[in-house]
Amino acid sequence: MITKSISLAPPYEKAGLNSEGLSPTLTCIIHDSQPERKYPALIAIPGGSYEHCSKREGEPCAARWYSYGYNGFVLDYSCVNKPFPTALLELCAAVGYIKSHADELCCDGRVILCGFSAGGHLAASLGVHFGKYQELFKENIRPDGMVLCYPVITAGKYTHPLSAQKIAPTDELRKLASLEDHVSADVCPTFIWHCADDNIVPVENSLMFASALSGSHVPFELHIFPKGGHGIAMCDITTIKDGNERYLNPTAAQWFALALDWAERILK
């Protein structure tokens, strides 16, 4: 195993954004170089209402995918009063870096995103908007697949108000941040899971996005678990919070095995 942290340098100025004080990083958990084998990459994108990056939804996720034959990465992106598309440019830079340094990172050039809550919104933002920002990057920034875990999708009726306020303070930005309205046939295959009783990010977010994917004939897989609420991450002892057994959910914990099977099928 090789672990290291990479500083990212997105082209903020080209997008009309102020870069002062921004220092996004990409933490790597990668396999030792083997000339005969390269690994697909999985970028874990933590949630945190665009206020912070949740530790529970970062390294534990990347490490789990690593243990099943992926190179794991965690994106620590800019939050707090950093409007759209600040964090999106940072994710673009992360995907571009992995694809352009594939040999060095022992990767095969394919990148899957795994985003939780607000991180799911960030992942899906790249999924639907990559074409809008591709010209700012030399590298290909289109992801090869997305795993969206109880994602924020809309800035409309069913939004998570705090997330929307942080990145979309204007009507124009709210339109860009309502991802269900920007799905096209170019969106990559997508896996989505959510809990029906989520009272923080309503399950309608996932249902709306799945409906939009279906309407554009994008391959997707959707799992709605009956109970679990929000923020349950890996749903097992590795991501329990404050000893609260709500975060131990064997039923919802099936999401990882289901996502792993889905990823192996789309990457064949």
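**Exercise 1. The largest cavity**

How do the residues of the lining of the largest cavity divide into nonpolar, polar and charged? Work it out on this predicted model.

*Solution.*
- Start with the space itself: the largest cavity holds about 60 Å³.
- Next, find its walls. The lining includes a run you can trace along the chain, with Lys-82, Pro-83, Phe-84, Pro-85, Thr-86, Ala-87 and Leu-88 among its members. Tyr-50, His-121, Leu-122, Ser-125 and Ile-167 line this cavity too.
- Check the helices: α2 and α3 (118–133) each give at least two residues to this lining.
- Now sort by class. You should get eight nonpolar, three polar and one charged.

**Exercise 2. The second largest cavity**

Find out which helix supplies the largest share of the lining of the second largest cavity.

*Solution.*
- The model has two cavities of 30 Å³ or more, and the second largest has a volume of about 40 Å³.
- List its lining: Tyr-50, His-121, Val-152, Thr-154, Ala-155, Thr-159, Ser-163, Ala-164, Ile-167 and Ala-177.
- Look for helix α4, which spans residues 161–167; this helix provides the largest share, three residues.
- Sorting by class gives six nonpolar and four polar residues, with no charged ones.

**Exercise 3. Two pockets**

Describe the linings of the largest pocket and the second largest pocket by class.

*Solution.*
- Take the largest pocket, with a volume of about 320 Å³. Its lining has 15 residues, and Arg-56, Glu-57, His-230, Gly-231 and Lys-241 lie nearest the centre.
- Its classes come out as two nonpolar, nine polar and four charged.
- Move on to the second largest pocket, at about 210 Å³. Here 14 residues form the lining, with Ala-9, Pro-11, Ala-93, Phe-137 and Glu-139 nearest the centre.
- Helix α2 (residues 86–100) gives the most to this lining, four residues.
- The split for this second pocket is eight nonpolar, two polar and four charged.

**Exercise 4. The nonpolar cores**

Locate the largest nonpolar core and pick out the residues with the most contacts inside it.

*Solution.*
- The largest core counts 64 residues, and Ile-43, Phe-73, Leu-113 and Phe-209 have the most contacts inside it.
- Helix α2 contributes the largest share of this core, ten residues.
- Zoom in on Leu-113. Setting aside neighbours within four places in sequence, its contacts include Leu-42, Ile-43, Leu-91, Val-95, Leu-126 and Met-146.
- Finally, look for another core lying apart from this one: it has 32 residues, including Cys-61, Ile-112, Cys-235 and Phe-256.

Terms used
Residues numbered from 1 in each chain as written. Predicted model: local features only at pLDDT ≥ 70, side-chain atom pairs only at ≥ 80, totals over all residues. Heavy atoms only, no water. 1 Å grid on protein atoms, 1.4 Å probe; cavity = no way out; pocket = protein on both sides within 12 Å on 5 of 7 lines; lining within 4 Å. Points joined across faces, edges and corners; volume = space filled by probe spheres on them. Nonpolar A, V, L, I, M, F, W, Y, C, P; charged D, E, K, R; others polar. Core = buried A, V, L, I, M, F, W, Y, C linked by side-chain atoms within 4.5 Å. Buried < 20%, exposed > 50% of the residue type's maximum accessible area, 1.4 Å probe, protein only. Contact = heavy atoms within 4.5 Å.
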